[in-house]
Amino acid sequence: MDQKISFPPRPLRGVRAVYARQAGCPSDFADVTVDFEPWEEGVAFESSADLAIRGHAPAQDVAAFQAAAADGIRDELAALEPGTTVAVAVVLRAMGIHAADSHPRAFHHAGRLAVRNALGLTRPSARPE
């Protein structure tokens with residue numbers, strides 16, 4: 001019997017993803033906290049009106065980091081197993097930025113990681129009871 005899978009199955013709030021990789025100079029760093037809310041079919045992305053930003057970057061960089069995180073989230077959702085209905089509103093709640101090591105590619109990775117972390121919250125624990 002085919003079972004329909006929908007993402008997210010319930011609200012998943014405060015999902016944090018940190019992408020940090022030491023690969024020489026500069027390194028990679030991005031930190032995002034997002035909410036995944038059940039919504040209409042497809043992906044809606046927005047930044048919270050009270051977006052918390054840890055660290056500092058010029059406004060155009062912050063906008064590029066937000067767009068890269070959104071692209072990473074969309075890319076990872078598009079790669080979900082066939083038969084999964086994606087019906088989600090994603091709200092970016094917080095970002096952590098490093099002056100030298102943050103760049104759009106790192107935020108793209110963090111966006112993908114946020115989806116993986118959210119998926120981990122939807123699966124039952126494999127631990128024996």
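Does lysine 4 count as buried or exposed, and at what relative accessibility? In the predicted model examined here, lysine 4 is found in the segment before β1. Its relative accessibility is 75%, and because exposed means over 50%, lysine 4 counts as exposed. The C-alpha atoms of lysine 4 and leucine 77 lie 16 Å apart in space, with their positions 73 residues apart in sequence.

The overall architecture was considered next. The secondary structure of the protein comprises 2 helices and 5 strands, and the order of these elements from the N terminus on is β-β-β-β-α-β-α. Along the principal axes, the C-alpha atoms fill a box of roughly 50 × 35 × 25 Å. The radius of gyration is 15 Å; a compact globule with 129 residues would have a value near 14 Å, so the two agree. Of the 129 residues in the protein, 41% are buried. Among contacts with a separation of 6 or more, 82% are accounted for by residues 24 or more positions apart. The accessible surface comes to about 7,600 Å², and carbon and sulfur atoms contribute 52% of that surface. The protein carries 13 positive and 16 negative charges, and the mean positions of these two sets are 5 Å apart.

Helix α1 spans residues 59-78 and has 20 residues. From its first C-alpha to its last, α1 reaches 29 Å, which is close to the 28 Å expected at 1.5 Å a residue. The buried residues of α1 are Val62, Phe65, Gln66, Ala68, Ala69, Ala70, Gly72, Ile73, Glu76 and Leu77. Leucine 77, the partner in the lysine 4 distance given above, is thus one of the buried residues of this helix. The cover over the buried residues of α1 includes the strands β1, β3, β4 (42-54) and β5, together with helix α2.

Helix α2 comprises the 19 residues 104-122. Its end C-alpha atoms are 28 Å apart, and this agrees with the 27 Å that a helix of 19 residues should span at 1.5 Å a residue. Buried positions in α2 are Ala106, Phe107, Ala110, Gly111, Ala114, Val115, Ala118 and Leu119. The elements that cover them include β1, β2, β3 (28-38), α1 and β5 (84-96). Each helix is therefore listed in the cover of the other: α2 for the buried residues of α1, and α1 for those of α2.The loop between β1 (5-7) and β2 (12-21) contains proline 8 and arginine 10. A cis peptide bond, with omega about -5°, joins phenylalanine 7 and proline 8. Arginine 10 has a relative accessible area of 38% and is partly exposed. With neighbours within four places in sequence left aside, arginine 10 is in contact with Phe36, Pro38, Leu121 and Thr122. For one of these partners, proline 38, the C-alpha to C-alpha distance to arginine 10 is 6.2 Å, and the two residues are 28 residues apart in sequence.

Glycine 24 is placed in the loop between β2 and β3. This glycine is partly exposed, at a relative accessible area of 37%. Glycine 24 and glutamine 66 are 42 residues apart in sequence, and their C-alpha atoms are 24 Å apart in space. Glutamine 66 appears among the buried residues of α1.

Threonine 84 lies in strand β5. At 19% relative accessibility, threonine 84 counts as buried, because buried means under 20%. Apart from neighbours within four places in sequence, threonine 84 is in contact with Ile5 and Phe7. Threonine 84 and histidine 103 are 19 residues apart in sequence, and the distance between their C-alpha atoms is 31 Å.

Key
Residues numbered from 1 in each chain as written. Predicted model: local features only at pLDDT ≥ 70, side-chain atom pairs only at ≥ 80, totals over all residues. Heavy atoms only, no water. Helix = DSSP H or I, 4+ residues; strand = E, 2+ residues; numbered from the N terminus. Expected span 1.5 Å × (residues − 1). Buried < 20%, exposed > 50% of the residue type's maximum accessible area, 1.4 Å probe, protein only. Contact = heavy atoms within 4.5 Å. Rg over C-alpha atoms; globule rule 2.2 N^0.38 Å. Areas by Shrake-Rupley, 256 points an atom, 1.4 Å probe, with all protein chains shown as cover. Lys, Arg positive; Asp, Glu negative; His and termini not counted. Charge placed at Lys NZ, Arg CZ, Asp CG, Glu CD.
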